[in-house]
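I am opening my notebook on this one and jotting down what I look up as I go. A few residues come up, then some rings, then the empty spaces inside.

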Amino acid sequence: MNSRVSPPRVRVREVRLTERDVRLRLPFRFGVVTLTESPQAYVRVRVQREDGREAWGMSAEMLAAKWFDKNPLLTNEDNFVQLRTSLRICADHYVTESTPRTPFGLSATHYGDQLRACAVKQLNPLIASYGPALIDRAVLDAVCRLHGASFFDAMAANLPGMATDDVAPDLVGFDFDAFLRGLKPLTAVHARHTVGLVDPIIAADQAPGARVNDGLPETLEEVVTEYGHSYFKLKVAGDVRADLARLTSIAAVLDRADAPYHATLDGNEQYESVEGITELWTAMERAPALRRLVASTLFIEQPIARKTALARDVSALSARRPVIIDESDADMESFVTARARGYRGVSSKSCKGFYKSVINAARCARWNADAKAPAYFMSAEDLTTQAGVSVQQDLALVALLGLHHVERNGHHYVNGMAALPLAEQNAFLKAHPDLYARTAGAVRLRILEGRLAIGSLACPGYAVAAEPDWAATRPMG
């Protein structure tokens with residue numbers, strides 16, 4: 001599309017919120033929860049330009065328990081209600097906005113309103129960000145469709161109208177037009193396989209009768225054989241001795257590969273202090289059985305509980321292996337604060353907001369230019385994104401930012417599109433034949449040699465050329 005197209009000004013005329021249940025084929029334990037099922041939220045918005053033209057846009061994301069708010073006194077259903085509330089608050093802000101605004105301007109204008117309204121209901125900034133994260137994607141999807149533009153072309157032309165704004169005052173003077181124009185979207189990315197805290201490493205780890213036997217890999221050993229991954233995300237639980245034993249079992253499988261592999265450690269806030277995670281890393285460095293795993297580890301993700309993570313300096317550990325924030329990335333200023341505490345990176349997750357990811361990528365570009373070195377970086381992480389709208393929009397963001405590997409876990413813990421209507425499965429397979437394949441009786445992600453081909457995401461709209469069966473979703477609870 002023409003790179004000189006002015007960002008359109010739009011109004012959100014309608015927001016529809018629906019959901020449907022997702023059941024996991026394998027239990028997924030991360031941090032303090034073992035997930036076996038969860039609703040997935042779907043958003044549809046009707047957007048109107050100033051000239052009267054309208055289009056619908058969509059997005060989708062899991063309603064995840066015990067990640068946005070890990071208060072043990074709250075039930076999973078309490079967590080779902082929190083996220084639904086965030087969506088409804090944002091929807092109300094956007095629909096009642098009477099001034100036509102650019103897509104980014106709409107989000108930036110109501111950023112503070114969203115935080116304040118959620119705070120009144122005792123919802124933290126991470127929860128507050130969930131509503132705009134979904135609705136902003138749906139708005140941009142609609143705008144892309146109005147212009148016949150792909151997500152990648154729209155971002156290159158800065159169709160959202162991203163600019164220096166009060167939401168990121170540290171970027172005053174930053175040239176977003178030039179930055180976005182200079183991005184080189186990828187056409188394939190490595191899928192970084194997650195090893196959850198209760199995942200079997202080898203067949204002997206499975207109790208008698210515990211196998212699912214659905215034709216898909218269940219153990220880490222089987223996953224490596226089936227998908228050919230060379231990137232892995234390893235969950236640790238906050239107990240040095242237990243973590244060392246589990247990492248040793250994992251390394252025994254990964255070390256069989258002749259080719260190099262790469263790993264990341266995810267603490268999911270399970271260590272209470274920098275001393276605790278430093279003790280683990282020191283023990284790993286001293287363990288002969290972990291020598292190759294240590295050398296292959298790229299970074300350590302959010303090891304420290306958020307209540308203290310940004311209160312202590314992690315520079316000493318980060319000098320040995322970069323440390324990044326994830327759950328502590330609560331608002332637009334979190335990465336700036338984290339940098340001052342010695343953190344080297346921040347995660348990109350569509351559930352936290354794609355504008356936030358782009359802004360944090362801009363920060364990395366500016367800081368690295370100032371340092372004349374690649375000192376700061378972003379990682380691409382997952383929230384069990386499901387096949388279809390959710391995983392495609394997240395992959396498009398990852399591709400836009402040039403992140404060569406992304407944690408992908410939804411395809412492993414959920415049986416692809418097996419639970420969805422056959423017509424919906426067929427529609428996504430036809431529209432995105434590079435990304436999906438029909439195997440073991442269902443349409444699911446196609447992973448070859450550990451990679452996902454994503455060229456078909458360069459379609460009109462925000463990376464989705466098919467639609468869910470809306471009749472198979474229910475009004476949000």
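**Entry 1: a residue on a helix.** I started with E221 in this predicted model. Is E221 buried, exposed or something in between? At a relative accessible area of 27%, I put E221 down as partly exposed, because buried would need a value under 20% and exposed one over 50%. E221 belongs to helix α7, which covers residues 220–227. I then asked which residues E221 touches beyond its neighbours up to four places away in sequence. My list reads I201, I202, A203, V253 and R256. For V253 I also looked up the C-alpha separation from E221: 6.4 Å, with the two positions 32 residues apart along the chain.

**Entry 2: aromatic rings.** How many aromatic pairs does the whole structure hold? My search returned 18. I noted W67 and F68, an edge-to-face pair with 4.9 Å between centres and 85 degrees between planes. W67 has a relative accessible area of 1% and F68 one of 2%, so both are buried, being under 20%. Next I took F354 and Y355, whose rings are tilted at 35 degrees with centres 4.1 Å apart. F354 is buried at 1% relative accessible area, and Y355 is buried at 2%. I also found F354 and Y355 in one aromatic cluster with F104, F151, F152 and Y462.

**Entry 3: charges over rings.** I looked up two arginines here. R44 lies over the face of W56, 4.7 Å from the ring centre. R339 has its charged end over the ring of W367, at 4.3 Å from the centre.

**Entry 4: cavities.** I count six cavities of 30 Å³ or more. The largest has a volume of about 180 Å³. Among its 19 lining residues, S107, Y111, P132, M332 and K352 are the closest to the centre. Helices α3 (111–120), α4 (125–147) and α14 (354–371) each give two or more residues to this lining. Which element gives the most? I have α4 down for that, with six residues. The lining of the largest cavity sorts into eleven nonpolar, four polar and four charged residues.

The second largest cavity holds about 90 Å³ of space. Its lining has 15 residues, and F28, F30, K235, K349 and D382 are the closest to its centre. Strands β1 (10–30) and β5 (231–235) are the elements that give two or more residues to it. By class I wrote down four nonpolar, three polar and eight charged residues for the lining of the second largest cavity.

Methods:
Residues numbered from 1 in each chain as written. Predicted model: local features only at pLDDT ≥ 70, side-chain atom pairs only at ≥ 80, totals over all residues. Heavy atoms only, no water. Helix = DSSP H or I, 4+ residues; strand = E, 2+ residues; numbered from the N terminus. Buried < 20%, exposed > 50% of the residue type's maximum accessible area, 1.4 Å probe, protein only. Contact = heavy atoms within 4.5 Å. Phe/Tyr/Trp six-rings, centres within 6.5 Å; stacked < 30°, edge-to-face > 60°. Lys NZ or Arg CZ within 6 Å of the ring centre and 35° of its normal. 1 Å grid on protein atoms, 1.4 Å probe; cavity = no way out; pocket = protein on both sides within 12 Å on 5 of 7 lines; lining within 4 Å. Points joined across faces, edges and corners; volume = space filled by probe spheres on them. Nonpolar A, V, L, I, M, F, W, Y, C, P; charged D, E, K, R; others polar.
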